[in-house]
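Student: I've got a model open and I'd like to learn how to read it. Can we go through it feature by feature?

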Amino acid sequence: MAPEEDAGTELLLQSFERRFLAARALRSFPWQSLEAKLRDSSDSELLRDILQKHEAVHTEPLDELYEALAETLMAEESPHGHRSYLLPSGGSVTLSESTAIISHGTTGLVTWDAALYLAEWAIENPAAFTDRTVLELGSGAGLTGLAICKMCRPRAYIFSDCHSRVLEQLRGNVLLNGLSLEADITANLDSPRVTVAQLDWNVTTVRQLSAFQPDVVIAADVLYCPEAIVSLVGVLRRLAACREHQRAPEVYVAFTVRNPETCQLFTTELGRAGIRWEAEPRHDQKLFPYEEHLEMAILNLTL
């Protein structure tokens, strides 16, 4: 194959690999691109290699595959599973996540698309986080924060959420990815200081927020209802009051544009609070599998 064909095939294989490891729905795989590749006569050598590898294995795998499939279909569905997201460094972020969108009365036990989008942006802009203290609001399963910890070298990272089950899962995912929580005396000094904090936006005080002393504040996919938007803006106002004599933290909020009215409410509430905002340019880094047609946005807020 020509070099450009090699590159195209490699990208297609990577796309399948990333979706497989992240346990994405089969319908999201690039089947049409694969079919086009297989119909291309120039790829006959690639197909021949695949067939030769299959013939080199002196077993008949089909029966075993059908038996495994039958066992899977008959087994009781687990409420949790593991997903892995590959990083440019060659490493990965592996998460324990719920298999249901809503579980234990919360949507925070799964990774949402804006978290993936924000993680991509962070990896493309590591200077925004390097040697800085980062506070994440509504961390959910922890994908964005773990990617930042592994790729952007923050000084300290504070995951936060209000739901006890989400906090339990967050702690587990931090440890699953080889990071230590701040209380661990065996923590790797080359890794950021990691904290998992319970933070209820409706009751947290300026004093409590001041203890975090964040340089950067991020949030992803937290604009899901009017009540959450009002609570989030309230937290941002209190964060602005934390540093009367110091520079306020930089704030980045990522979201999927599902309902224009919800986005309008957020910017309206920001205006009422005196918080300026501007949209970050769309980034080109496509590392993680999420729906291509979704409209994503990241707002940079000035407290």
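Student: Let's start with charges. How many salt bridges does the structure hold?

Tutor: The general idea is to look for a side-chain nitrogen of Lys or Arg within 4 Å of a carboxyl oxygen of Asp or Glu. Keep in mind that this is a predicted model. By that cut-off the structure holds five salt bridges. One of them joins the side chains of Asp-215 and Arg-155, at 3.0 Å from N to O.

Student: Where do Asp-215 and Arg-155 lie?

Tutor: Both are in loops: Asp-215 in the one between α8 (206–210) and β6, Arg-155 in the one between α6 and β4. The pair therefore ties together parts that are 60 residues apart in sequence.

Student: Okay, on to the strands. What is the order of the strands in the open sheet?

Tutor: With a sheet, you read across the strands, partner by partner. Here the order is β5-β4-β3-β6-β7-β9-β8, seven strands with mixed pairing. β5 (193–198) and β8 (276–279) are at the edges with a single partner strand each, so one side of each has no neighbour in the sheet. On average, neighbouring strands are turned by 20° against each other, if you ignore direction.

Student: In which sense do β3 and β4 pair?

Tutor: Parallel: residues 133–137 of β3 and residues 156–161 of β4 pair over four bridges. To find your place, go to Glu-136, which has Phe-159 of β4 opposite.

Student: Which helices lie across these strands?

Tutor: Take α5 (residues 113–124), which lies across β6 (216–220), β7 (250–256) and β9 (296–302) and runs at about 65° to β9. Then there is α6 (residues 143–151), lying across β3, β4, β5 and β6, at about 175° to β4.

Student: And how do α5 and α6 cross?

Tutor: For two helices, check the axis distance and then the angle. The axes of α5 and α6 come within 8 Å and cross at roughly 15°. An angle under 35 degrees counts as roughly parallel, so that is what α5 is to α6. The crossing is right-handed.

Student: Which residues meet there?

Tutor: From α5 you have Ala-115, Leu-116, Leu-118, Ala-119, Ala-122 and Ile-123, and they meet Leu-143, Thr-144, Ala-147, Ile-148 and Met-151 of α6. By class, that contact has 10 nonpolar residues, one polar and no charged.

Student: What about α9 and α10, at what angle do their axes cross?

Tutor: Roughly 30°, with the axes of α9 (residues 226–240) and α10 (residues 260–272) coming within 10 Å. That makes α9 roughly parallel to α10, and the crossing is right-handed. Among the contact residues are Ile-229, Val-233 and Leu-236 of α9, and Leu-265, Phe-266 and Glu-269 of α10. The residues of this contact divide into nine nonpolar, one polar and one charged.

Definitions and conventions
Residues numbered from 1 in each chain as written. Predicted model: local features only at pLDDT ≥ 70, side-chain atom pairs only at ≥ 80, totals over all residues. Heavy atoms only, no water. Pairing = 2+ DSSP bridges. Axes fitted to C-alpha atoms, helices over the stretch in contact; angles between N-to-C directions. Contact = heavy atoms within 4.5 Å. Parallel < 35°, antiparallel > 145°, perpendicular 65-115°, else oblique. Left-handed = near helix turned anticlockwise from the far one by under 90°. Nonpolar A, V, L, I, M, F, W, Y, C, P; charged D, E, K, R; others polar.
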